[in-house]
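Trainee: Could you take me through one part of this model in detail? I'd like to look at the sheet and what packs on it.

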Amino acid sequence: MSRGRGAATGGKAGPPEETPASARRERGRPSAPPPAPAAPRGERPPWDFGYAPVPTAACDDDGGPLDLVVASRCAVAPDAVAAALAARWSRVEVERVVERAPIFWLRVRSPDGGRRAEVAAALSAAALPVRYVASARRPSAAIAPRFDAALAAAARPERGWAARGASGGDDPATEGRWFLRAGEGGVGVDRRRCGSGAGMRLGVIDDDAWAAEELGLDREVLVMLEHPPRSQAHGALMVAWAVGVRRAGGFRGVAPDASPRLYLIPKPGGCVLALPVAIVQAVSDGADVVVCAAYVEGSTTPMLDDALEFAARLGRRGRGCPVVFPTGREASSPPESLHASFSLGLGEPASDPRVFCVGPGARGEGWFLWRDRRGRSRPFANRGPAVRWLAPGDDLTCPLPAASGARSAAERLCHAESSGASALAAGVLLLVLSRNPALRLPELDALVLRTLEPVPPAAPASAEPVADRWDLLPDGRDRDGHNAKHGYGRIDAGRACLAAGDPIALALLLIGEDGAARAWHDARAARSLARGLYSRRLARWAVRALLADPILCHGVCALARHARLTAGDARRQRFHGAGAVLRQLSVLVRALAASRPAPARSRRVRDELAALLDQIERTAADAAAVEAAEARFGALAAALFAGADERGAPEGAGRARSAAPPAE
């Protein structure tokens with residue numbers, strides 16, 4: 001549910017109201033510039049669509065009464081700033097906003113007018129270490145000067161934010177909980193292999209939270225507010241879909257054992273400072289994932305640049321904290337066009353490359369489309385180059401009670417839209433990080449990207465009739481698999497969690513053998529032989545190494561393909577000669593130990609790799625030991641690839657292996 005974008009709130013949502021261009025203009029926003037003349041349908045490039053976002057940048061307030069953010073390179077006393085400006089401006093008020101190295105922000109206000117360059121000059125003349133001066137009220141595409149994070153402490157969970165342990169429990173297979181399942185357009189949560197997000201912390205940033213008492217929050221944090229807003233349930237829904245509610249028998253979200261905090265910010269329109277302050281505070285408090293689905297269009301500033309850089313470089317003990325934004329829904333009908341553009345502007349917060357931008361997916365497949373009063377399909381989200389992933393955005397179970405407070409056994413549904421999709425994606429990231437907390441931000445991105453479910457670029461037949469064919473453009477994918485509606489594909493928790501914790505599972509998933517990856521996970525959990533091959537510590541590090549080193553990753557995948565081709569076929573195994581598998585294993589372990597792109601190895605990882613190499617070399621020196629080792633490899637391959645889907649497929653997966661080829 002996209003806040004400020006025609007979102008439905010609690011209860012079973014009916015069809016959303018259409019928002020014509022005239023309504024947008026009545027809000028005081030200028031129309032978008034006319035798009036380039038459209039090519040005839042048969043000549044339109046497969047990547048093209050009406051890329052004309054609604055302008056959100058307000059006019060600059062430079063020269064008006066002072067309401068500024070002064071960013072400094074180190075801590076500066078508010079009194080020193082006030083004294084430096086007192087000769088030029090009257091009634092100067094200076095308030096400390098953030099003082100957390102390397103970010104130091106002061107808010108400066110005065111009824112007297114002045115330009116930001118004048119303020120910066122006055123502060124520099126007083127020998128104060130100014131980085132930049134920016135408006136606290138208006139957006140700006142100005143780039144914040146780089147800060148020095150080398151000496152700054154990485155963010156660690158504060159003592160007051162307690163992590164939760166695993167609680168157990170089931171996810172009821174109700175109609176509205178399809179978003180958890182695989183094969184229906186859901187995120188494919190498989191509790192046995194994905195876990196429940198225990199030990200993780202989620203920061204949700206929003207501007208309203210009716211029914212927050214249902215959530216069992218670790219804490220509710222007010223950012224530039226005196227009282228929590230309680231008029232709508234948007235923020236509470238984001239927490240509930242990502243994590244759940246804590247009352248007995250209550251709704252379980254994607255990561256039900258993660259610990260959530262809700263950071264409440266003011267409504268949009270009066271200040272652009274609250275969003276970056278909330279991001280810095282959530283990351284500083286120790287959030288493992290931050291999601292903001294409130295209306296933030298038109299709030300790009302140098303402070304937001306600082307906040308996102310802080311999250312990427314210092315969040316999660318320096319590994320980088322993922323920040324998730326929805327695509328939003330901004331419809332415009334540009335002049336000289338009969339079509340709505342539904343475009344995500346390149347200057348919007350969700351387009352920042354440090355942000356994971358999530359769009360809404362439909363139940364079944366494709367983009368989330370809704371039916372208007374005439375039964376025609378229309379989009380409910382923006383498109384654009386920055387869209388990263390899809391997550392479910394269709395009707396989901398409403399996790400909160402009705403506004404009357406009455407509790408009903410009947411399941412109610414409500415639109416998730418791109419806001420809810422971003423909350424679900426945040427929940428998936430919590431699950432993945434709980435499987436491998438050592439993942440750095442680029443590694444997390446690469447892992448999710450390589451385990452996505454591809455989404456066909458064309459609308460499914462179920463979308464007919466369509467109100468406007470232009471709404472469904474672009475109708476093709478780029479060579480890297482990206483489509484402006486779907487990003488790279490739909491996020492898949494089951495695959496990502498399997499891949500996060502084990503390099504063999506990662507390789508099996510990369511070659512398309514999901515069932516074998518599940519079987520390998522289960523064998524590691526239940527069989528001492530498989531579990532004893534390597535430790536969980538080495539497994540987690542090796543996943544990161546494979547993501548960083550394409551040559552090494554190819555080698556492991558090649559061995560997995562060999563296992564698939566020879567599984568259960570002793571004749572094929574003999575064709576490759578005694579010792580071939582052991583030799584490949586030796587080469588791969590040596591490559592792991594020496595890989596330059598791989599992350600730094602701890603002492604325990606180095607020692608275990610050395611011990612593995614010693615064991616392989618001792619085995620290779622004994623012909624009988626070689627034969628026994630390769631026989632064990634063949635037996636393991638046969639177990640993984642024979643009926644792996646039947647023994648380990650999650651509910652609703654519906655994935656069948658191809659028929660076996662005829663005997664040679």
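**A close look at the sheet**

Mentor: Sure, and keep in mind that this is a predicted model. What you have here is an open sheet of four strands, paired antiparallel, in the order 2-3-1-4. Look at the edges first: strand 2 (93-100) and strand 4 (130-135) sit there, and each has a single partner strand, so one side of each is left without a neighbour in the sheet. Going from one strand to the next, the twist averages 20°.

Now zoom in on one pairing. Strand 2 and strand 3 (residues 103-113) run antiparallel, with seven bridges joining them. If you want a spot to click on, try Arg96, which stands opposite Leu106 in strand 3. As for what holds such pairings together, strands of a sheet pair through backbone hydrogen bonds, either parallel or antiparallel.

Next, add the helix. Helix 7 (residues 302-314) packs on the sheet and touches strand 1 (65-72), strand 2, strand 3 and strand 4. The direction of helix 7 makes about 125° with that of strand 4.

For a helix-on-helix case to set beside that, jump to helix 14 (residues 536-548) and helix 15 (residues 550-566), which pack at an angle of about 110° with their axes 5 Å apart. Because angles of 65 to 115 degrees count as roughly perpendicular, that makes helix 14 roughly perpendicular to helix 15. Helix 14 brings Ala545, Leu546 and Ala548 to the contact, while helix 15 brings Pro550, Leu552, Cys553 and Val556. Sort the residues of that contact by type and you get seven nonpolar, no polar and no charged.

How values were computed
Residues are numbered from 1 along each chain as its sequence is written. This is a predicted model: local features need pLDDT of at least 70, side-chain atom pairs count only at pLDDT 80 or more; totals for chains, interfaces and linings use all residues. Side-chain values use heavy atoms; hydrogens and water are left out. Axes are lines fitted to C-alpha atoms, for helices over the stretch in contact, and angles run from 0 to 180 degrees between N-to-C directions. Helices (H or I, at least four residues) and strands (E, at least two) are DSSP runs, numbered from the N terminus. Angles under 35 degrees count as roughly parallel, over 145 as roughly antiparallel, 65 to 115 as roughly perpendicular and the rest as oblique. Contact means heavy atoms within 4.5 Å. Ala, Val, Leu, Ile, Met, Phe, Trp, Tyr, Cys and Pro count as nonpolar, Asp, Glu, Lys and Arg as charged, and the others, Gly among them, as polar. Two strands pair if DSSP finds at least two bridges between them.
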